Amino acid sequence: MKVVSVNVGQPRDLAWRGRRVRTSIFKDPVRGPVAVRRLNLDGDAQADLRVHGGVDKAVYAYPREHYAHWQAWLGREEPLPPGQFGENLTVEGLLEDEVAIGDRLRAGSALLEVSQPRTPCFKFGVRMGTGRIQKPFLESGRVGFYLRVLEEGVLRAGDPIERTARGAGGLSVRDASRLMYLDRDDLEGAARAALIEALSPGWREAFRRRAEGGG
């Protein structure tokens, strides 16, 4: 397991379907060491803090193994560049069915904890050049995952990633995403997910309400 690329970006304004969109989903690779702070990486920022960023979504990781799949889906001849999915960390060896909510990962001198899967918003479609990708993205399970920063530190491309602890409850990132978006009738699964303390509070509350019959 390792960090393949470290990617950061600042908010920018774009024209999309006749409207002005402000987004930080465009990320560029960084050479050399990058400081990992409690709320983001140095050089990175979120455009809309109502739905992005915060303690539970400080860092977004996406597996490099999925790049070939989406390159083919998009029909592109050239390989997709690191950061294409808006991720801060392009990683290797950390697939969604093998990574659990609450897993703790040491990358460089930073200690990170898996907090939730990614939910693609319309800005993801802006980045990928098509608004048709959100549904296939969720259905594929190739969604990546957010991380909270337990210990600030420094990391760089090429750093190994060590899993220092497994998340209690054994809920994989893929299963968490499936329960939230694809298998809404699994009330027992929702009830179990609601008990996992490492899961982001908003997700826990959503699962709790569903399990109790509230939607």
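Where does Val-143 lie in relation to helix 3 and strand 10? The legends below take up this residue first, and all of them refer to a predicted model.

**Figure 1. Surroundings of Val-143 in the predicted model.** Val-143 belongs to the loop that runs between helix 3 (134-140) and strand 10 (145-151). Its relative accessible area is 0%, and the residue is therefore buried, the cut-off for that class being under 20%. Beyond its neighbours within four places in sequence, Val-143 is in contact with Tyr-60, Tyr-62, Glu-96, Pro-117, Arg-118, Phe-137, Leu-138, Val-173 and Ser-177. Trp-70, which is 73 residues from Val-143 in sequence, lies 11 Å from Val-143 in space, C-alpha to C-alpha.

**Figure 2. The open sheet and its edges.** An open sheet is formed by 8 strands, with mixed pairing and the order 4-1-7-6-10-9-8-12. Strand 4 (28-29) and strand 12 each have a single partner strand, so one side of each lacks a neighbour in the sheet, and these two strands stand at the edges.

**Figure 3. Strand 1 and its two partners, strand 4 and strand 7.** Strand 1 comprises residues 2-8 and pairs with strand 4 in the antiparallel sense, over 2 bridges. Within this pairing, Val-8 has Asp-28 of strand 4 as its bridge partner. Strand 1 also runs antiparallel to strand 7, to which 4 bridges join it. Here the bridge partner of Lys-2 is Glu-92 in strand 7. Of the 7 residues of strand 1, 5 are buried, so the strand is largely enclosed by the rest of the structure. For reference, the C-alpha atom of Val-8 is separated by 16 Å from that of Arg-22, the two residues being 14 apart along the chain. Arg-22 is part of strand 3 (residues 19-23) and, at 39% relative accessibility, counts as partly exposed.

**Figure 4. Strand 8 between strand 9 and strand 12.** The residues of strand 8 (residues 104-107) are divided between two faces: Leu-105 and Ala-107 make up the covered face, whereas Arg-104 and Arg-106 make up the uncovered one. Strand 8 pairs with strand 9 (residues 110-117) in the antiparallel sense over 4 bridges. In this pairing, Arg-104 of strand 8 is placed opposite Glu-113 of strand 9. The hairpin of strand 8 and strand 9 has 2 residues between the strands, and Gly-108 in this hairpin takes a positive phi near 60°. With strand 12 (residues 161-165), strand 8 again pairs in the antiparallel sense over 4 bridges. Leu-105 has Arg-163 of strand 12 as its bridge partner.

**Figure 5. The second largest cavity and its lining.** The structure holds 2 cavities of 30 Å³ or more, and the second largest contains about 40 Å³ of space. Its lining consists of Ala-61, Leu-89, Val-91, Leu-94, Leu-105, Ala-107, Leu-112, Leu-147 and Ile-161. By class, this lining has 9 nonpolar residues, no polar residues and no charged residues. At least two lining residues are supplied by each of strand 7 (89-92) and strand 8. Leu-105 and Ala-107, which form the covered face of strand 8, are among the residues that line this cavity.

**Figure 6. Helix 6 and its buried face.** Trp-203, Ala-206, Phe-207 and Arg-210 are buried in helix 6 (residues 201-211). Viewed down the helix axis, the buried residues fall within an arc of 95°, so they line one face of helix 6. An α-helix has 3.6 residues a turn, so residues three or four places apart point the same way. The buried residues of helix 6 pack against strand 9, helix 4 (173-182) and helix 5 (187-194). Just after helix 6, Gly-213 takes a positive phi of about 85°.

**Figure 7. Ser-200 in the loop between helix 5 and helix 6.** Ser-200 has a relative accessibility of 3% and therefore counts as buried. When its neighbours within four places in sequence are left aside, Ser-200 is in contact with Asp-56, Ser-115, Gln-116 and Arg-148.

Terms used
Residues numbered from 1 in each chain as written. Predicted model: local features only at pLDDT ≥ 70, side-chain atom pairs only at ≥ 80, totals over all residues. Heavy atoms only, no water. Buried < 20%, exposed > 50% of the residue type's maximum accessible area, 1.4 Å probe, protein only. Pairing = 2+ DSSP bridges. Arc of directions from axis to C-beta. Contact = heavy atoms within 4.5 Å. 1 Å grid on protein atoms, 1.4 Å probe; cavity = no way out; pocket = protein on both sides within 12 Å on 5 of 7 lines; lining within 4 Å. Points joined across faces, edges and corners; volume = space filled by probe spheres on them. Nonpolar A, V, L, I, M, F, W, Y, C, P; charged D, E, K, R; others polar.
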